[in-house]
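Ready for some practice in reading a protein structure? Take a look at the sequence and the 3D view, then work through the exercises below one step at a time.

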There are 2 protein chains.
Amino acid sequence: MRKLLLLSNSVLHGSGYLEYAKDYVIEFFSKNGVKEILFVPYANPFSQEKYTEKVRSELNKWGYIVKGLNEADDPHSAINQAQCIFIGGGNTFLLLKLLQEKQLIEAIRNRVLNDGIPYMGSSAGTNVATVSISTTNDMPIVHCQSLEALSLVPFNINPHYLDSDPTSRHMGETRETRISEYHALTGTPPVLGLREGSFLHVRGDVATLGGLSAARLFVRGKPCEEHPVGSDLSFLFNLVDSA
Amino acid sequence: MRKLLLLSNSVLHGSGYLEYAKDYVIEFFSKNGVKEILFVPYANPFSQEKYTEKVRSELNKWGYIVKGLNEADDPHSAINQAQCIFIGGGNTFLLLKLLQEKQLIEAIRNRVLNDGIPYMGSSAGTNVATVSISTTNDMPIVHCQSLEALSLVPFNINPHYLDSDPTSRHMGETRETRISEYHALTGTPPVLGLREGSFLHVRGDVATLGGLSAARLFVRGKPCEEHPVGSDLSFLFNLVDSA
Ligand SMILES: [Ca+2]
Ligand SMILES: [Ca+2]
């Protein structure tokens with residue numbers, strides 16, 4: 001059974017790493033008997049080593065053992081032996097490119113969808129859990145083979161979803177306009193705008209919105225909708241683009 | 001001789017289409033004897049037809065004839081006959097993908113760099129004039145063959161450059177951080193952050209910053225620099241990534 005915790009972000013203004021979601025993260029891991037986490041630092045363009053060290057030192061405090069995929073001699077066997085996979089944020093293009101180059105997409109999908117190991121993603125790690133990275137906020141600092149991602153869920157997410165600021169004089173597209181540009185194209189899946197401090201918890205085909213903020217849902221050809229914290233969003237597994 | 005007018009954006013808050021740059025645009029066209037403009041509406045995901053109509057109705061008022069590349073039976077011959085090319089904003093990925101699919105990259109480069117016809121770009125049209133679209137702000141709504149763009153200049157531009165807001169509680173990367181992620185990678189070219197209301201005017205190897213705002217220059221391995229309006233930025237043609 002699919003077990004996912006897809007976080008909009010890892011750090012909330014004024015709080016520590018994953019702190020805002022600590023209770024949920026611990027519950028997610030405990031329920032699933034996780035003691036050891038395989039962390040994927042590929043999204044970090046500066047230093048995978050330092051990124052893994054930082055996450056390890058934080059999650060050690062919570063009582064978890066953290067192994068970095070960057071530290072594994074054989075990434076495939078690390079994935080095949082993992083109790084749980086956590087992909088952290090950074091640059092989504094770099095992350096997907098490395099997963100593609102190391103041919104890890106199918107291995108991760110297999111562990112999560114067939115073996116049912118828990119998957120946690122934050123920001124870019126949430127983007128790559130969806131159908132594609134077409135709704136990332138990141139700059140395309142590298143070129144990916146394709147934009148197709150892990151497809152652990154049949155829709156897209158926009159993490160760090162940001163409401164437009166009516167007082168702004170900046171003329172760059174709002175987040176909502178950017179998503180409407182995506183939905184101008186036929187066949188594009190729904191996009192869930194996850195505001196900072198919120199997350200989607202998925203167990204099988206049951207998806208629940210958690211955290212601190214409502215989410216904004218964009219479905220091609222339909223008006224967008226607000227869904228409050230606690231909403232059952234399981235219908236996202238059955239939505240078909242009818243537009 | 002290369003003649004470029006690379007605008008950060010087309011619309012400034014509270015003003016009409018290209019209005020803030022009207023005097024410069026007219027001077028750019030007049031100096032180069034331009035009466036007829038070939039407009040490229042490929043960046044618009046909603047309607048190329050309406051986009052061309054809008055630009056035509058605006059530039060008609062200024063006394064120019066506008067042809068849309070979307071209206072040409074043969075885009076190649078339209079480019080080969082053009083007096084001047086103007087590529088408008090929208091989604092940079094969609095724009096580059098269509099230029100790649102229709103194999104227009106070399107044709108445009110040839111007209112601009114060898115025949116010396118004037119090129120004007122705005123926003124996405126400025127992104128594609130540079131080395132690559134790696135520093136676009138847009139979402140990757142479609143997949144491009146590669147991120148390599150027209151390379152009319154040997155550096156990148158970030159249009160709609162936005163300063164970070166110290167009062168913001170949003171934790172998504174600032175524009176400066178996004179560009180630093182790009183420059184974490186070896187061999188990446190300089191990036192000129194063009195704030196709204198500003199533009200780069202290029203004549204041969206002479207580049208001048210114009211408009212209303214200073215620009216922020218990012219060179220890999222160096223501290224970033226502010227350059228005021230009127231600055232001679234010709235040194236950008238000689239910068240080599242030494243980091
Ligand atoms: Ca990011
Ligand atoms: Ca745009």
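How many residue pairs are in polar contact across the interface of chain A and chain B?

**Exercise 1. Describe the interface of the two chains.**

Step 1. Keep in mind that this is a predicted model. For the question above, the rule finds 18 residue pairs in polar contact across the interface of chain A and chain B, counting pairs with both residues at pLDDT 80 or more.

Step 2. Next, look at where the chain A side comes from. Strand 6 (156–161) and helix 7 (175–183) of chain A each give at least two residues to the side that touches chain B. Helix 7 of chain A supplies the largest share, 6 residues.

Step 3. Sort that side by class: it has 19 nonpolar, 16 polar and 7 charged residues.

Step 4. Now consider the extent of the interface. On the chain A side 42 residues are in contact with 42 residues of chain B. Together the two chains bury about 3600 Å², with 63% of this on carbon and sulfur atoms. Within chain A, the residues that lose the most area to chain B are H13(A), M139(A) and M171(A), which together make up 19% of what that side buries.

Step 5. Finish with the charged pairs. The rule finds 2 salt bridges across the interface of chain A and chain B. One of them is formed by R178(A) and D138(B), whose closest N and O atoms are 3.2 Å apart.

**Exercise 2. Find the protein donors of the calcium ion (ligand 1), and explain how they join two chains.**

Step 1. List the donors. G90(A) gives an O atom, while D138(A) and E173(B) are each listed twice, with OD for D138(A) and OE for E173(B). These donors lie 2.3 to 3.0 Å from the calcium ion.

Step 2. Place two of these residues. G90(A) sits in the loop between strand 4 (85–87) and helix 4 (92–101) of chain A, and E173(B) sits in the loop between strand 6 (156–161) and helix 7 (175–183) of chain B, so this pair joins two chains.

Step 3. Check the accessibility. With a relative accessible area of 16%, G90(A) is buried because its value is under 20%. E173(B), at 23%, is partly exposed.

**Exercise 3. Compare three salt bridges within the chains.**

Before you start, recall a general idea: side chains of opposite charge can pair when their charged atoms come close. The structure holds 28 salt bridges over all chains.

Step 1. Begin in helix 2 of chain A. E53(A) and R56(A) form a salt bridge with an N to O distance of 2.8 Å. These two residues are 3 residues apart in helix 2, so about one helical turn separates them. E53(A) is partly exposed at 42% relative accessible area, whereas R56(A) is buried at 16%.

Step 2. Move to R195(A) and D163(A), where the closest N and O atoms of the salt bridge are 2.8 Å apart. R195(A) lies in strand 7 (residues 191–195) of chain A and D163(A) in the loop between strand 6 and helix 7, so the pair ties together parts that are 32 residues apart in sequence. R195(A) is buried at 12%, and D163(A) is partly exposed at 42%. Both belong to a network of salt bridges that also links E176(A), R216(A) and E226(A).

Step 3. Turn to chain B. K31(B) and E27(B) meet in a salt bridge at 3.8 Å, N to O. Both are in helix 1 (residues 22–31) of chain B, 4 residues apart, or about one turn of the helix. K31(B) is exposed at 51%, because exposed means over 50%, and E27(B) is partly exposed at 44%.

**Exercise 4. Is T52(A) buried or exposed, and which residues is it in contact with?**

Step 1. Locate T52(A): it is part of helix 2 (residues 48–61) of chain A.

Step 2. Read its accessibility: at 0%, T52(A) is buried.

Step 3. Set aside neighbours within four places in sequence. T52(A) is then in contact with F39(A), P41(A), G68(A), N70(A) and E71(A).

**Exercise 5. Describe the surroundings of D232(A).**

Step 1. D232(A) is found in the segment after strand 11 (225–227) of chain A.

Step 2. Along the chain, D232(A) and L209(A) are 23 residues apart, and their C-alpha atoms are separated by 6.7 Å.

Step 3. The side chains of D232(A) and S234(A) make a polar contact at 2.4 Å.

Conventions
Residues are numbered from 1 along each chain as its sequence is written. Chains are lettered from A and ligands numbered from 1 in the order in which they are written. This is a predicted model: local features need pLDDT of at least 70, side-chain atom pairs count only at pLDDT 80 or more; totals for chains, interfaces and linings use all residues. Side-chain values use heavy atoms; hydrogens and water are left out. Contact means heavy atoms within 4.5 Å. Buried area is the accessible area (1.4 Å probe) that two parts lose on being put together, summed over both. A salt bridge is a side-chain nitrogen of Lys or Arg within 4 Å of a carboxyl oxygen of Asp or Glu. A polar contact is a pair of N or O atoms within 3.5 Å; within protein, one must be able to donate a hydrogen and the other to accept it, and residues adjacent in sequence count only if both atoms are side-chain atoms. Ala, Val, Leu, Ile, Met, Phe, Trp, Tyr, Cys and Pro count as nonpolar, Asp, Glu, Lys and Arg as charged, and the others, Gly among them, as polar. Donors are N, O and S atoms within 2.8 Å of the metal (3.2 Å for Na, K and Ca); water is not among the atoms, so sites may look incomplete. Buried means under 20% relative accessible area, exposed over 50%, partly exposed in between (1.4 Å probe, protein chains only).
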